[in-house]
Amino acid sequence: MRRQGKCPMANARLTCRAPSEKKRRAHQASSDVPVELERKTQMKVLIAFYSRSGHTEQLAREMASLCGADIDRIQDIGPPRTGLLGYMRCSWQAMRGSVATIRPTLHDPSAYELVIIGTPVWNWSLASPVRAYVQLHSGHFRRVAFFCTEGGSGDQRVFAQLESLCNQAPLEKFAVNARDLATGAHKAALQRFIDRINSASLRAA
Ligand SMILES: Cc1cc2nc3c(=O)[nH]c(=O)nc-3n(C[C@H](O)[C@H](O)[C@H](O)COP(=O)(O)O)c2cc1C
């Protein structure tokens, strides 16, 4: 896989914007997160995630909507990961620590003050496409934060793997159970995660 050059979009935005009033109201209409809880983050933030069945994508998009971050979906190349065979391939690759082949992403992570990396938990490990993304860009992340979605366990091991691959401690970590994601029970915790990121970034500035 080829390392992507600096993305022209990276220069187009000098600061991370809060969502426009129109977007905020549209988001409010489709979400239970009160507008008054939303915060503007001062940092230029990128959220990079992989999602096989949509949970991590849902969380990534809610997060981006709350903090006005850019977003990059990590996509791998290869046979579809659907069905029993797809599940087994994911599981096997995660267990072995395999590195998937991924498509070039849109944004250059080195142009961001913070990259928030999201992964589903596979076999108590990070997903192989996320391993590929982190290995590709390791050394180019200024600061990182991590999140994952899971069925119930494995998040701490995944965060330790990410920390080791990134070679730096994250500003913050956030794990969500897929059941809570479905009911919306995660939303207050998500807002607290964004608030902690903002506080940590102010301390680090
Ligand atoms: C191959 C595979 C292995 C998984 N292993 C775990 C696990 O070890 N622990 C866990 O809590 N959930 C596990 N899950 C459940 C996923 O982490 C969970 O459904 C997650 O929200 C999926 O995210 P996605 O919809 O973004 O792909 C596994 C799912 C798959 C497909």
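Which residue just after α5 takes a positive phi? That would be Gly 139, with a phi of about 95 degrees. Keep in mind as you browse these views that the model is predicted.

**View 1. The whole protein, before zooming in.**
Start with the full set of parts: eight helices and six strands. Walking along the sequence, you meet them in the pattern α-α-β-α-β-α-β-β-α-β-α-β-α-α. The protein has 205 residues, and 39% of them count as buried. Contacts often reach a long way along the chain: among those between residues at least 6 apart in sequence, 83% join residues at least 24 apart.

**View 2. The surroundings of the ligand.**
Here we look at the 22 residues around the ligand. Ser 51, His 55, Thr 56, Pro 120 and Gly 151 are the ones that come nearest. Several elements chip in to this shell, each with at least two residues: the helices α3 (55-67) and α4 (83-96), plus the strands β3 (114-122) and β5 (144-150). Sorted by class, the shell holds twelve polar, seven nonpolar and three charged residues.

**View 3. Helix α5 and what covers it.**
Now move over to α5, which spans residues 128-137. This helix is mostly covered, with seven of its ten residues buried. At its beginning, Ser 128, Pro 129, Val 130 and Arg 131 are buried. Further along, Tyr 133, Val 134 and His 137 are buried too. So what sits over them? The cover includes three strands, β1 (45-49), β3 and β4 (125-126), together with the helices α4 and α6 (155-166). Just past the end of α5 comes Gly 139, the residue with the positive phi from our opening question.

**View 4. α5 alongside α6.**
One of the elements covering α5 gets its own close-up: α6. The two helices pack at an angle of about 25 degrees, and their axes are 9 Å apart. Angles under 35 degrees count as roughly parallel, so α5 and α6 are roughly parallel to each other. As for handedness, α5 passes α6 in a right-handed crossing. On the α5 side, the contact is made by Arg 131, Val 134 and Gln 135. On the α6 side, look for Leu 162, Leu 165 and Cys 166. By class, the residues of this contact divide into four nonpolar, one polar and one charged. Two of the names may ring a bell from the previous view: Arg 131 and Val 134 are among the buried residues of α5.

Note on methods:
Residues are numbered from 1 along each chain as its sequence is written. This is a predicted model: local features need pLDDT of at least 70, side-chain atom pairs count only at pLDDT 80 or more; totals for chains, interfaces and linings use all residues. A residue is near a molecule or strand if its C-beta atom, placed from the backbone, lies within 6 Å of it. Helices (H or I, at least four residues) and strands (E, at least two) are DSSP runs, numbered from the N terminus. Ala, Val, Leu, Ile, Met, Phe, Trp, Tyr, Cys and Pro count as nonpolar, Asp, Glu, Lys and Arg as charged, and the others, Gly among them, as polar. A residue is buried if 20 or more other C-beta atoms lie within 10 Å of its own, exposed if 12 or fewer, and partly exposed in between; C-beta atoms are placed from the backbone. Two residues are in contact if their C-beta atoms, placed from the backbone, lie within 7 Å. Axes are lines fitted to C-alpha atoms, for helices over the stretch in contact, and angles run from 0 to 180 degrees between N-to-C directions. Angles under 35 degrees count as roughly parallel, over 145 as roughly antiparallel, 65 to 115 as roughly perpendicular and the rest as oblique. A crossing is left-handed if the near helix is turned anticlockwise from the far one by less than a right angle, and right-handed if clockwise.
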